[in-house]
Each structure stands twice: as C-alpha cells, then as structure tokens.
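This briefing covers the ligand site of one protein model and the state of its cysteines. Please read the points below alongside the structure.

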Amino acid sequence: MYRKLYKEAKTMIDNAYAPYSRFKVGAAVMTTDGKIFKGANIENASFGAGICAEQVAVSAAVSAGEREFDAIAVVSGEGSAWPCGICRQFMYEFSPEMKVITGDDEDHLEVYELAELLPKGFVL
Ligand code: THU
C-alpha cells in the first residue's frame, strides 16, 4: 500500500508549478476507505501565496467531502521530501494518526505517524 501511494505521488512531480524554487513535489493521500487524491506544489510570483503539494492533495480530498486519512506519500524530484510544519498542522486537523511516507525511491521508504512528526499539534 505504501509503495502504491508513493508511486502515485511520484506521478504528480511533473505537474508541479515550481518556476521559482525549481523544487517539484508530488503528494498522494489515501482516505480510510481507500480513495486516493493527488496534488503537486503550486508556486506564485508573490512567494507567500505558493502552496505545498500536501496541501493541494489534502484540499482536493477535503473539498470532495473526505475527512479521514490513512496515509500520505510525498516525494520530490530530488527524492525524499518531509512535509513542512504548516503541512503537518494542516493534516493534523483531520488525522493525527495518519502515516507519512517518503523516500528516495520505492524500495527505501520511511514511514512515520503524523503525531510523531508534530507532537502536540494544535487543536481547538
Ligand atoms: N514543498 C512542498 O510542496 N512540500 C514539502 O513537503 C516541502 C516543500 C514545496 C513548497 C515550494 O513550492 C517548494 O517545495 C520549495 O520550498
């Protein structure tokens, strides 16, 4: 399952719009009932307006009505890519126990629980 999700994330790297950093990222998130939503990072001339691949994938899922996730895979054109702090909090809102997967290739995946990567994430 992790390998499949990682491969799905990888297919998104080419769709990334990253003319400023040239750091292309793909993400694929799986819901608890097995649906997959994908995203790539989208940068902007106003740098702060750019969004990460994870946010695009999770936003696609949440706006389709999904709320619970099992796992997200993230990969960049250069290999592993760990989610930034904002993305960790963005995902924590929905599924603190989801798995976060990355790696340089599908045979060298690293898997952590989101709550390990963001201890004591913010909740209201
Ligand atoms: N980026 C992501 O899309 N996901 C990550 O996990 C790390 C960073 C993007 C944001 C920006 O477009 C580029 O990578 C460089 O920071």
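In this predicted model, the ligand is surrounded by Ser 21, Phe 23, Val 25, Asn 41, Glu 43, Cys 52, Ala 53, Glu 54, Trp 82, Pro 83 and Cys 84. This shell is made up of seven nonpolar, two polar and two charged residues. The ligand sits in the largest pocket.

**Polar contacts to the ligand**
- Glu 54 has a polar side-chain atom 2.5 Å from an oxygen atom of the ligand.
- For Glu 43, a polar side-chain atom lies 2.6 Å from a ligand oxygen.
- Asn 41 places a side-chain N or O atom 2.9 Å from an oxygen atom of the ligand.

**Cover of the ligand**
- On its own, the ligand has 370 Å² of accessible area, and the protein covers 77% of that.

**Cysteines**
- A disulfide is a covalent bond between the sulfur atoms of two cysteines.
- The structure holds zero disulfides.
- Cys 84, one of the residues around the ligand, has its closest cysteine sulfur in Cys 87, at 3.7 Å. The two sulfurs are too far apart for a bond, because a disulfide requires them to be within 2.5 Å.
- For Cys 87, the closest cysteine sulfur is that of Cys 52, at 3.7 Å, which is also too far for a bond. Cys 52 is itself among the residues around the ligand.
- Cys 84 is partly exposed, at 31% relative accessible area, whereas Cys 87 is buried, at 1% relative accessibility.

Conventions. Residues are numbered from 1 along each chain as its sequence is written. This is a predicted model: local features need pLDDT of at least 70, side-chain atom pairs count only at pLDDT 80 or more; totals for chains, interfaces and linings use all residues. Side-chain values use heavy atoms; hydrogens and water are left out. A residue is near a molecule or strand if one of its heavy atoms lies within 4 Å of it. A polar contact is a pair of N or O atoms within 3.5 Å; within protein, one must be able to donate a hydrogen and the other to accept it, and residues adjacent in sequence count only if both atoms are side-chain atoms. Accessible areas come from the Shrake-Rupley method with a 1.4 Å probe; for residues, only the protein chains shown count as cover. On a 1 Å grid over the protein atoms alone, a cavity is a set of points where a 1.4 Å probe fits but cannot get out, and a pocket is an open set with protein on both sides within 12 Å along at least five of seven lines; lining residues have an atom within 4 Å of a point. A molecule sits in a cavity or pocket if more than half of its atoms lie within 2 Å of its grid points. Ala, Val, Leu, Ile, Met, Phe, Trp, Tyr, Cys and Pro count as nonpolar, Asp, Glu, Lys and Arg as charged, and the others, Gly among them, as polar. Buried means under 20% relative accessible area, exposed over 50%, partly exposed in between (1.4 Å probe, protein chains only).
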